[in-house]
Amino acid sequence: QVQLVESGGGLVQPGGSLRLSCAASGTIFVINDMGWYRQAPGKQRELVATITSGGSTSHADSVKGRFTISRDNAKNTMYLQMTSLKPEDTAVYSCNAMIRPRGTFRSVEVWGQGTLVTVSS
């Protein structure tokens, strides 16, 4: 059994910063690609950023230059550093990963429960 747990969400003023964390736990053999998604009220879920096991990253145009995805493979943890936050960044942020559990031969897709980020004055 493997799971992802996000933390770091909260209320922040426009222009402020937050850092989200996504920690993987369980009987993990290897974590492959990881990503952050968000879903704003009344809108579809959108991809925010992805990172490969080797550290290659990709960011959505809407967050490029403001958000930075990273990971610490030794800690099985992924981060999303968010700066210059705007009200339109308000959403539930969820992490996603392809994880190969120990003792198995294929990866499974795992989602975290989500953490709410509210950008408001």
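Where is Asp 61 found? Asp 61 sits in the loop between strand E6 (57-59) and E7, and this loop makes a friendly starting point for a walk through what is a predicted model. Asp 61 is exposed, since its relative accessible area of 65% is over the 50% cut-off. Its side chain makes a polar contact with the side chain of Lys 64, at 3.1 Å. To get a sense of scale, look from Asp 61 to Ser 121: they are 60 residues apart in sequence, and their C-alpha atoms are 24 Å apart in space.

Let us now turn to two arginines. Arg 38 belongs to strand E4, which covers residues 28-39. Arg 38 counts as buried because its relative accessible area is 5%, and the cut-off for buried is under 20%. Two acidic side chains meet the side chain of Arg 38: Glu 46 makes a polar contact with it at 2.6 Å, and Asp 89 makes another at 2.9 Å. Beyond its neighbours within four places in sequence, Arg 38 is also in contact with other residues, including Val 48, Ser 62, Phe 67 and Tyr 93.

The second arginine, Arg 71, is part of strand E7, residues 67-72. Arg 71 is buried too, yet has no salt bridge. The nearest side chain of opposite charge belongs to Asp 33, 5.7 Å away, and a salt bridge would need the charged atoms to be within 4 Å. What you can find around the side chain of Arg 71 is backbone oxygen: that of Ile 31 lies 3.1 Å from one of its polar atoms, and that of Thr 52 lies 3.0 Å from a polar atom of the same side chain. Leaving out residues up to four places away in sequence, Arg 71 touches, among others, Asn 32, Met 34, Ile 51, Ser 53 and Tyr 79.

Finally, have a look at the aromatic rings. The count comes to one aromatic pair. The rings of Tyr 37 and Trp 111 have centres 4.9 Å apart and planes at 55 degrees, so the pair is tilted. This pair links distant parts of the chain, with Tyr 37 in strand E4 and Trp 111 in strand E10 (residues 108-111), 74 residues apart. Trp 111 counts as partly exposed because its relative accessibility is 31%, which falls between the 20% and 50% cut-offs. Tyr 37 has a charged companion as well: Arg 45 lies over the face of its ring, at 5.6 Å from the ring centre. Arg 45 is also one of the residues in contact with Arg 38, which brings us back to strand E4, where Arg 38 is found.

Conventions. Residues numbered from 1 in each chain as written. Predicted model: local features only at pLDDT ≥ 70, side-chain atom pairs only at ≥ 80, totals over all residues. Heavy atoms only, no water. Helix = DSSP H or I, 4+ residues; strand = E, 2+ residues; numbered from the N terminus. Buried < 20%, exposed > 50% of the residue type's maximum accessible area, 1.4 Å probe, protein only. Polar contact = N/O pair within 3.5 Å; in protein donor to acceptor, adjacent residues only side chain to side chain. Contact = heavy atoms within 4.5 Å. Lys, Arg positive; Asp, Glu negative; His and termini not counted. Phe/Tyr/Trp six-rings, centres within 6.5 Å; stacked < 30°, edge-to-face > 60°. Lys NZ or Arg CZ within 6 Å of the ring centre and 35° of its normal.
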